[in-house]
Amino acid sequence: MNTIMRKSVLSVAGLAFAGGVFAGPIAAHANPVDAKPVAAAVQGTALKPQGEQSRITLNDEQSANVKAIIAATKKAGLPERAAVISIATSLQESKLENLGHLGDMNDHDSLGLFQQRPSSGWGTPEQITDPAYSTTAFLKGLKQVDGWQDMPLTEAAQTVQVSAYPDAYAQWEQQATDLVGQHWNS
């Protein structure tokens, strides 16, 4: 690799890391969940889940949050793919739990399903702990990403979230796809 390209790659990686450290969500600090890798099934779509997939069993609150994300996506007039990206993002950020302030485990002031930060302009604490509002805010960011419909899920989610763990979203794509398939028409 030539020196100019190496410096460019390192600069981009450094910026992505710095952005995640200063503005990123608390993905690594959320309550641990027993996530088990599962094989990714091939979907009938052009986009296939990347890498090892994780899956958790959802409780009633988490299932209600899935339905709220899907409802907000439909209300925004966006396709199922937007709901898949949103649910996978929330699975990574909060395991679909509407998290309040986590004390010493909190990453700055991150809250809600998407671990959005009031200090970064996502909304008030009350707004971003409302599943419909936080989903709409995430979708607004997603719509600003050129080509989000055709890019890998983890890239689309990372562009909106600016996480310190940019590849972590990919592990939830299969479960998010399954959840959207199960609830989109219900």
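Begin with the whole chain in view: its secondary structure comes to 7 helices and 2 strands, and, since this is a predicted model, everything on the tour is computed from predicted coordinates. Followed from the N terminus, the elements run α-β-β-α-α-α-α-α-α. The chain has 186 residues, of which 44% count as buried, and among its contacts with a separation of 6 or more, 62% join residues that lie 24 or more positions apart.

**First stop: the core**

Select I85, I87, L142 and W148, which are the residues with the most contacts inside the largest nonpolar core, a set of 35 residues. To see which elements feed this core, colour α2 (60-75), α3, α5 (131-143), α6 and α7 (173-183), each of which supplies at least two residues; the most comes from α3, which gives 7. Now keep I85 alone and display its surroundings: apart from neighbours within four places in sequence, I85 touches F138, L142, W148, L153, A156 and A157.

**Second stop: α3 against α6**

Select helix α3 (residues 80-94) together with helix α6 (residues 153-161), whose axes are 10 Å apart and meet at an angle of about 70°. Angles of 65 to 115 degrees count as roughly perpendicular, and α3 and α6 are therefore described as roughly perpendicular to each other. The crossing in which α3 passes α6 is right-handed. On the α3 side, show R81, V84, I85, A88, T89 and E93, and on the α6 side L153, A156, A157 and Q161, because these residues make the contact, with heavy atoms within 4.5 Å. Sorted by class, the residues of this contact are 6 nonpolar, 2 polar and 2 charged.

Stay with α6 and ask how many of its residues are buried. The count is 7 of the 9, so α6 is largely enclosed by the rest of the structure; the buried residues to select are L153, T154, A156, A157, Q158, V160 and Q161. Then step just past the end of α6 to V162, where the backbone takes a positive phi of about 55°.

**Third stop: α2 against α3**

Return to α3 and add α2, which packs with it at an angle of about 145°, the two axes being 9 Å apart. The crossing of α2 and α3 is right-handed. The residues to display are V66, I69, I70 and T73 of α2, and A82, A83, S86, I87 and S90 of α3, which together make the contact. By class, this contact of α2 with α3 holds 6 nonpolar and 3 polar residues, and no charged ones.

**Fourth stop: two loop residues**

Select L111, in the loop between α3 and α4 (125-128). Is L111 buried or exposed? Its relative accessibility is 8%, and because buried means under 20%, L111 counts as buried. Draw a distance from the C-alpha atom of L111 to that of T124, 13 residues away along the chain, and the separation is 9.8 Å.

Finish at Q50, which is found in the loop between β1 (36-38) and β2 (53-55) and which, at 34% relative accessibility, counts as partly exposed. Leaving out neighbours within four places in sequence, the residues in contact with Q50 are P152, T154, A170 and E173; T154 is also one of the buried residues of α6. A last distance to draw runs from Q50 to D167, which are 117 residues apart in sequence but 9.5 Å apart in space, C-alpha to C-alpha.

Technical notes. Residues are numbered from 1 along each chain as its sequence is written. This is a predicted model: local features need pLDDT of at least 70, side-chain atom pairs count only at pLDDT 80 or more; totals for chains, interfaces and linings use all residues. Side-chain values use heavy atoms; hydrogens and water are left out. Axes are lines fitted to C-alpha atoms, for helices over the stretch in contact, and angles run from 0 to 180 degrees between N-to-C directions. Helices (H or I, at least four residues) and strands (E, at least two) are DSSP runs, numbered from the N terminus. Angles under 35 degrees count as roughly parallel, over 145 as roughly antiparallel, 65 to 115 as roughly perpendicular and the rest as oblique. A crossing is left-handed if the near helix is turned anticlockwise from the far one by less than a right angle, and right-handed if clockwise. Ala, Val, Leu, Ile, Met, Phe, Trp, Tyr, Cys and Pro count as nonpolar, Asp, Glu, Lys and Arg as charged, and the others, Gly among them, as polar. A nonpolar core is a set of buried Ala, Val, Leu, Ile, Met, Phe, Trp, Tyr and Cys residues joined through side-chain atoms within 4.5 Å. Buried means under 20% relative accessible area, exposed over 50%, partly exposed in between (1.4 Å probe, protein chains only).
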